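Welcome! Let us take a friendly look at the aromatic rings of a protein and at what sits beside them.

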Amino acid sequence: MKTIAINQYGPATEFNLLELPKPTPTADEVLVEIHAFSINPMDVAGRQGQLGAPFTDQWSFPLVLGWDFAGVVAQVGAHVTNFALGDRVFGAIASAHAATNGTYGEFVAAGTEELAKIPAGLSFDQAAALPIGGMTAYYGMTHSLDLQPGQKVLVQGGAGGVGLFAVQIAKALGAYVATTASANHRELLMQLGVDQVIDYHETSPAAVLHDFDAVFDTVGDIETGLKVLKSDGKLSTIAGQPTPAQQHDQNKQVAFQFTQGSAADLAALADLVVTGQVQLTLTTLPFSAASVTQAHQTIEGHHTTGKQVIHVKD
Ligand SMILES: NC(=O)c1ccc[n+]([C@@H]2O[C@H](COP(=O)([O-])OP(=O)(O)OC[C@H]3O[C@@H](n4cnc5c(N)ncnc54)[C@H](OP(=O)(O)O)[C@@H]3O)[C@@H](O)[C@H]2O)c1
């Protein structure tokens with residue numbers, strides 16, 4: 001099968017088109033013919049050699065990166081009962097995957113813990129954009145922050161791969177949503193229903209927001225988030241490690257979010273998209289090493305808009 005692989009850790013130009021054997025699914029896995037995959041900042045960290053155990057436990061070169069995918073079930077393991085040949089599915093493979101079993105290829109062997117059927121009305125490209133970014137936001141809004149209607153939430157970094165999901169899920173839950181973004185993202189965020197967009201280059205959110213119930217930090221700025229939070233509010237960060245002092249700031253609940261995606265949550269998220277409550281902003285590129293290089297470089301620039309998706313086949 002065709003893959004986009006690297007032969008050593010390094011810059012985004014390391015990617016090459018490489019022919020490798022198809023992965024063999026275990027009895028608990030399905031083999032999926034990939035139609036699209038999406039790229040996350042953790043892929044960039046993996047390519048740069050910045051990830052450690054458990055991610056890299058089975059890695060060697062050539063290495064096929066990637067966790068998010070959407071495609072069609074091509075083979076079903078003997079113990080798998082809830083998926084059948086030909087099912088349109090999407091999800092994320094386990095964090096610790098084998099070196100040649102990433103999603104930047106034509107096939108991937110996937111467990112069923114984070115696998116769901118693609119509902120009617122959702123394309124492969126759209127479905128591939130949901131797993132890590134969407135699930136991280138969904139888990140943040142519904143589990144970590146447990147947002148309730150009428151609560152006020154600040155999403156730091158509203159225009160990114162996670163942020164665009166987070167602001168819309170928060171709105172769907174009935175929250176008042178403020179977010180930080182560069183000026184070029186203001187119009188998009190307002191169109192998506194965000195109540196207040198703050199250009200963080202000009203104004204600190206701490207200067208204009210007070211007594212918020214919740215903060216979702218996707219950029220690693222816990223200190224600013226804490227200033228916005230009320231004394232018993234909740235802050236969840238996916239991009240920084242709270243210090244002991246930050247964790248003991250009044251009665252605020254401050255924690256790093258370890259996202260636990262599930263098939264049920266994936267299905268709920270897909271439903272939000274199909275019903276128009278969450279709109280997707282995608283940059284879709286064709287299946288080539290140059291496309292993967294471009295998507296990695298975009299993410300490395302730290303100013304992406306939504307998700308970068310690679311379209312593998314129709
Ligand atoms: N813990 C977990 O489970 C988990 C899961 C997924 C991701 N993550 C981590 O979460 C982070 C975000 O992921 P992502 O996929 O959303 O990344 P991303 O798409 O690369 O995020 C880019 C966005 O960040 C914004 N940004 C950059 N600096 C900012 C700042 N100082 N203030 C406000 N916004 C800023 C940019 O907005 P502007 O262009 O508008 O400035 C851009 O839209 C990454 O560090 C990723 O590794 C963690």
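What follows is a short tour of ring pairs and of charges placed over rings in this predicted model.

## Aromatic pairs

Searching the whole structure turns up eight aromatic pairs. One of them joins Tyr9 and Phe61: the ring centres are 5.0 Å apart and the planes meet at 80°, so this pair is edge-to-face, since an angle over 60 degrees counts as such.

Where do the two residues lie? Tyr9 belongs to the loop between β1 (2–5) and β2 (16–19), while Phe61 belongs to the loop between α1 (41–47) and β4 (68–76), so their pairing ties together parts that are 52 residues apart in sequence. Tyr9 is partly exposed, with a relative accessible area of 35%, and Phe61 is partly exposed too, at 38%.

## A stacked pair and its cluster

Now turn to Phe37 and Tyr104. Their ring centres are 4.7 Å apart and their planes differ by 20°, so this pair is stacked; the cut-off is under 30 degrees. Phe37 sits in strand β3 (residues 29–39) and Tyr104 in the loop between β5 (88–92) and β6 (107–111), which makes this a link between distant parts of the chain, 67 residues apart.

Are these two residues buried or exposed? Both Phe37 and Tyr104 are buried. They also belong to one aromatic cluster, together with Phe15 and Phe287.

## Charges over rings

Rings can have charged neighbours here as well. Lys22 places its charged end over the ring of Phe107, 4.5 Å from the ring centre. Arg88, in turn, lies over the face of Phe124, and the distance to that ring centre is 4.8 Å.

Definitions and conventions. Residues numbered from 1 in each chain as written. Predicted model: local features only at pLDDT ≥ 70, side-chain atom pairs only at ≥ 80, totals over all residues. Heavy atoms only, no water. Phe/Tyr/Trp six-rings, centres within 6.5 Å; stacked < 30°, edge-to-face > 60°. Helix = DSSP H or I, 4+ residues; strand = E, 2+ residues; numbered from the N terminus. Buried < 20%, exposed > 50% of the residue type's maximum accessible area, 1.4 Å probe, protein only. Lys NZ or Arg CZ within 6 Å of the ring centre and 35° of its normal.
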